[in-house]
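Hello,

Here is the structure I promised to pass on to you. My notes on what I found follow below it, so please have a look at both when you get a moment.

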Amino acid sequence: MAKEKKGVRLEHIVKIYQDPKTKKDFRAVDDVNLEIEPGSFVTLLGPSGCGKTTTLRMIAGFESPDSGEIYLGDQAINALTPNKRDTAMVFQSYALFPHYNVFDNVAYGLKLRKLPGDEIRKKVMDMLDLVELTGMEGRQTNQLSGGQQQRVALARALVVEPGVLLFDEPLSNLDAKLRVSMRTEIRKIQQKVGITAVYVTHDQSEAMSISDEIIIMNKGRIEQMGTPREIYYHPSSRFVADFIGEANFLQAKVKSMDGETAVVNVDEHDMTVKNYSKAAVGETATMVIRPEAAVLRDEGLLPCKIVLSTFMGAYQYYHAMAGGELIQITDYNPVGRRIYQVGEQAHLDFSPESVYII
């Protein structure tokens with residue numbers, strides 16, 4: 001559907017705001033550099049106030065950078081107003097026209113471009129078919145469910161055939177079950193159309209499920225960029241490890257290093273783990289254990305004491321004290337396995353490939 005797949009490039013982008021309370025300037029976006037490949041689905045992810053929405057709004061043209069340059073394809077677009085940029089935005093609030101029906105909402109951008117009526121009708125009907133709203137073109141938007149309204153907003157953005165499609169937390173107003181189905185639909189439509197998409201969310205599972213690449217932001221800066229798998233299994237910092245999924249942290253003394261592995265000591269117990277740390281031998285590094293990577297056994301690598309044991313249906317959820325830290329353990333499909341009770345002694349066990357130091 002898109003006329004041309006366009007990439008997005010940000011070079012040394014800075015956006016400064018003034019704190020209304022302190023009257024001091026702060027950098028909402030602080031020297032951000034990134035390149036988004038044409039046709040890819042990239043998510044800006046991070047906590048509130050990390051700069052992700054401001055970055056998206058600068059790409060759209062609703063905010064202007066204080067320094068740096070934004071490119072759409074090979075074109076510098078800082079000086080262009082939003083309507084002159086080859087982008088379209090899908091908003092959190094849908095931003096539909098309540099006095100227009102579905103057809104007229106989707107056709108709005110095409111009418112502004114003064115396309116012939118027959119061409120407008122064909123494009124709108126094709127787009128409603130793509131978002132599975134055929135037969136609803138005559139309905140008023142207030143007669144639609146939240147999910148249907150979001151589909152209308154998506155169709156309105158896509159029908160003008162932008163080079164880049166921007167999403168500002170588009171699913172946050174939907175209930176949890178509908179969010180899951182809608183994010184799948186958005187990804188399917190993006191792949192079918194082949195458009196470049198930049199998506200903002202604070203929902204980690206949403207980002208993991210739809211993205212070719214995730215850009216994690218913190219305090220105006222990019223903490224890490226990578227595929228969902230890279231971000232999850234190879235976090236570059238404690239912040240990233242803690243923000244994506246759940247993570248346990250133990251302090252470990254590095255005894256030796258051999259390329260991608262290291263021997264570390266935790267609470268007088270040696271173990272071999274993956275190595276993503278810049279720590280030197282003899283220094284202390286942080287060991288990261290995902291809850292699903294840890295297994296409880298009668299004998300194992302690290303002694304622990306069970307302080308919580310809860311049946312969650314698909315898994316048994318534990319808290320255990322080990323090495324002076326509280327460790328979360330998710331034991332999937334526990335049928336037929338021993339269930340440890342609160343107060344029992346056990347051992348943490350894991351494979352070296354699933355635990356690492358950063």
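**Helix H3 and its surroundings**

Asp118, Lys122 and Asp129 are exposed residues on the face of H3 that is turned away from its buried side. Please keep in mind that this is a predicted model.

The helix itself runs over residues 117–130, 14 residues in total, and its first and last C-alpha atoms are 20 Å apart, close to the 20 Å expected at 1.5 Å a residue. Which residues of H3 are buried? They are Ile120, Val124, Met127, Leu128 and Leu130. These residues lie on the same side of H3, because the arc they cover around the axis is only 150°. As a reminder, an α-helix has 3.6 residues a turn, so residues three or four places apart point the same way. The cover over the buried residues of H3 includes three helices: H2 (102–112), H4 (146–159) and H5 (176–193).

After H3 comes Glu132, with a positive phi near 60°. Glu132 also takes part in a salt bridge with Arg151, where the closest N and O atoms are 3.9 Å apart. This pair links distant parts of the chain, with Arg151 in helix H4 and Glu132 in the loop between H3 and H4, 19 residues apart. Is each partner buried or exposed? Arg151 is buried, at 16% relative accessible area, whereas Glu132 counts as exposed, at 54% relative accessibility.

**Other salt bridges**

How many salt bridges does a search of the whole structure find? The search gives 18. One of the pairs I looked at is Arg221 with Asp30, whose side chains meet at 3.2 Å, N to O. Arg221 belongs to strand S10 (residues 221–226) and Asp30 to strand S2 (residues 25–36), so this salt bridge ties together parts that are 191 residues apart in sequence. Asp30 counts as buried, with 14% relative accessibility, while Arg221 is partly exposed, with a relative accessible area of 43%.

Another pair is Asp270 and Lys255, whose closest N and O atoms are 2.8 Å apart. Here, too, distant parts of the chain are linked: Asp270 sits in strand S13 (residues 269–275) and Lys255 in strand S11 (residues 248–258), 15 residues apart. Asp270 is partly exposed, with a relative accessible area of 39%, and Lys255 is partly exposed as well, at 45%.

There is also a network of salt bridges that links Lys15, Arg57 and Glu63.

**A surface patch, and the end of a strand**

On the surface, Val307, Met321 and Leu326 make a nonpolar patch of about 230 Å². Leu326 is found in strand S18 (residues 325–332) and is partly exposed, with a relative accessible area of 43%.

Finally, a word on Gln18, which is in strand S1 (residues 8–18). Gln18 is partly exposed, with a relative accessible area of 46%. Leaving aside residues up to four places away in sequence, Gln18 touches Lys23, Lys24, Asp25 and Phe26. If you would like a distance to check in your viewer, the C-alpha atoms of Gln18 and Met182 are separated by 36 Å, and these two residues are 164 residues apart along the chain.

Do write back if you would like to go through any of this together.

Best wishes

Note on methods. Residues are numbered from 1 along each chain as its sequence is written. This is a predicted model: local features need pLDDT of at least 70, side-chain atom pairs count only at pLDDT 80 or more; totals for chains, interfaces and linings use all residues. Side-chain values use heavy atoms; hydrogens and water are left out. Patches are made of residues with over 30% relative accessible area and no salt bridge: like charges are joined within 9 Å, nonpolar side chains (Val, Leu, Ile, Met, Phe, Trp, Tyr) within 5 Å. Accessible areas come from the Shrake-Rupley method with a 1.4 Å probe; for residues, only the protein chains shown count as cover. A salt bridge is a side-chain nitrogen of Lys or Arg within 4 Å of a carboxyl oxygen of Asp or Glu. Helices (H or I, at least four residues) and strands (E, at least two) are DSSP runs, numbered from the N terminus. Buried means under 20% relative accessible area, exposed over 50%, partly exposed in between (1.4 Å probe, protein chains only). The expected span of a helix is 1.5 Å times one less than its number of residues. The arc is that of the directions from the helix axis to the C-beta atoms. Contact means heavy atoms within 4.5 Å.
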